[in-house]
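Trainee: I would like a close look at a single part of this protein, one you can build a picture around. Please start with the term I need for judging whether a residue is at the surface.

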Amino acid sequence: MIPVSDPPHASAGSDAAVDESRLEELIIEAQTALPFELSALANRCASALGLDTVLIYLAELQQRLLIPLDEALEPLPVADSSAGWAYRTVSPRVVDADDGVIVWMPLVDGAERLGVLAVRTASLDGVRMRRSRMLAHLFAMLITSKRAYSDWLAARTRTTTMRLPAEMVRAFLPPRTIGSSRCVSTAVVEPAYDIAGDAFDHSVVKNVLHTMILDSMGHDLASGLTTSVAMAAARNARRGGSDLADTVRCVDQALAQWLPDHFCTGVLCRLDAETGVLRWVNCGHPPPLLIRAERVLDGALDSPPQPPIGLAGQLAPAGRQVNKTTLEPGDCVLLYTDGVVEARDPDGGEFGLDRFTDFIIRFSAAGQRPAEVLRLLIHAILDYQRNRLRDDATILLFEWRPQHR
């Protein structure tokens, strides 16, 4: 097994020629190809590029398995396989095969890890490596565009039946990871197939990163409905140009009007990725945590208490306080729901805030990417509770890294 860095520029040899007309035909075909036809299309593209065969694997919801689009094949573990190594590290890996080599290429759309591509070729040089990477980029974009309307792709990345409240909330969730050259935001939520009250959101508008975490009371369809209305109201206000205070006011009004007996806690943030200025509103939620230089700055993002979102009548706030600070390059901000730190082992011991933050600091310091840190962390929380969470557990981490320009 050979980890592979980007190859040097390769000179065009006798096998470097590509039938551009054939490749154009395949790219045009890709626009209307159905999702279940992507495996066959990938092989035709590989042949046009002088490669042998290609297999597509997508990560399932809990990111424990890589599921092949070819329904005749078995899933591969993320934890201890060459395919999983490529997924975890977002780096290619080369493995010897009987009749050549297999290049495991990560499938990445922007900052989001989708899965891996297994490219089989008789031999490997700079040209074939570059073409394998091009193929991975192409199919990452195709999968991203087609999964928005494909129940088949959604079903392939599930390993059990999803309950109705979870189905409703997941319809609103954005990709797990988004980012730009200046910032990245990533999130996880469990139980993957049984969430109800928890949700997260993140979006980039020009140079501003918007993030949000919500926790509705209860664990039923009404909780999921509360969260869904809150997310829709926040997006509606944000897309209409509202500032942070007005966005929270719009969510307050939406819940008070449509679900007057329901409310949720939450934190809404806006990070200016040019300047590092962070603004946030905390509505009855655990305060965000600021990690700087591998330690938590105690109380750095604490703020005066404010009531939850959606309270009507005399409890409704007249206005929301917007807090402000300036981050330093490399700072990480953590948003989480109480189900994370209140997870209990069979003896009743809590997972706790210290264990939570120590895990993130240790694995980040070891060089793990933010998305991989959260994948490992949420699995550690599940293992701690023997896979029986008493409450939804959601974590969102965003990092300001202007030095990556």
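Mentor: A residue counts as exposed when its relative accessible area is over 50%, and as buried when it is under 20%. Keep in mind that this is a predicted model. Try the cut-off on E294. Its relative accessible area is 54%, over the 50% limit, so E294 is exposed. E294 sits in the loop between β14 (289-292) and β15 (295-296). Its backbone is worth a glance too. Phi of E294 is positive, about 65°, although E294 is not a glycine. Most residues other than glycine have a negative phi. We will come back to that point.

Now for the part to study closely: helix α7. This helix covers residues 221-239. Take M231 first, which lies in α7. Is M231 buried or exposed? Its relative accessibility is 0%, which is under 20%, so M231 is buried. What does M231 touch beyond its neighbours within four places in sequence? The list runs F172, L173, A199, F200, D201, M212 and L214. Look at D201 in that list. M231 and D201 are 30 residues apart along the chain, yet their C-alpha atoms are separated by 7.7 Å.

Next, move along α7 to R235. Is R235 buried or exposed? With a relative accessible area of 13%, R235 falls under 20%, so it is buried. R235 touches F172, L173, P174 and D201, again leaving out residues up to four places away in sequence. Compare the two contact lists. F172, L173 and D201 appear for M231, and F172, L173 and D201 appear for R235 as well. One pair deserves a closer look. A polar atom of the R235 side chain lies 2.5 Å from the backbone oxygen of F172. That distance is within 3.5 Å, the limit for a polar contact.

Now see how α7 meets another helix. The axes of α7 and α8 (residues 244-258) come within 8 Å and cross at roughly 140°. That angle makes α7 oblique to α8, because only angles over 145 degrees count as roughly antiparallel. The crossing is right-handed. On the α7 side, T226, V229, A230, A233, A234, A237 and R238 make the contact. On the α8 side, the residues are T247, C250, V251, A254 and L255. How do these residues divide by class? Nine are nonpolar, two are polar and one is charged. R238 is charged, because Arg belongs to that class.

For contrast, look at another helix pair. The axes of α1 (residues 20-32) and α2 (residues 38-48) come within 9 Å, crossing at roughly 160°. That angle is over 145 degrees, so α1 is roughly antiparallel to α2. Here the crossing is left-handed. R22, L23, L26, E29 and A30 of α1 meet L41, R44, C45 and A48 of α2. By class, this contact has six nonpolar, no polar and three charged residues.

Two more buried residues help you practise with the cut-off. A83 is in helix α3. It has a relative accessible area of 1%, so it is buried. Beyond four places in sequence, A83 touches L66, L76, W104 and V116. G339 is in helix α9 (residues 338-341). Its relative accessible area is 4%, so G339 is buried as well. G339 touches D391, D392 and A393, leaving out residues up to four places away. Now go back to E294, where we began. G339 and E294 are 45 residues apart in sequence and 24 Å apart in space, C-alpha to C-alpha.

Finish with the backbone, as promised. E294 has its positive phi, and V90 has a positive phi too, near 55°, in a residue other than glycine. V90 lies in the loop between α3 (82-89) and β5 (93-97). Peptide bonds are worth checking as well. Most of them are trans. Which one here is cis? The bond from E190 to P191 is, with omega near 0°. P191 belongs to the loop between β9 (183-190) and β10 (198-205). D201, the contact of R235 in α7, is worth finding once more on your screen.

Methods: Residues numbered from 1 in each chain as written. Predicted model: local features only at pLDDT ≥ 70, side-chain atom pairs only at ≥ 80, totals over all residues. Heavy atoms only, no water. Helix = DSSP H or I, 4+ residues; strand = E, 2+ residues; numbered from the N terminus. Buried < 20%, exposed > 50% of the residue type's maximum accessible area, 1.4 Å probe, protein only. Polar contact = N/O pair within 3.5 Å; in protein donor to acceptor, adjacent residues only side chain to side chain. Contact = heavy atoms within 4.5 Å. Axes fitted to C-alpha atoms, helices over the stretch in contact; angles between N-to-C directions. Parallel < 35°, antiparallel > 145°, perpendicular 65-115°, else oblique. Left-handed = near helix turned anticlockwise from the far one by under 90°.
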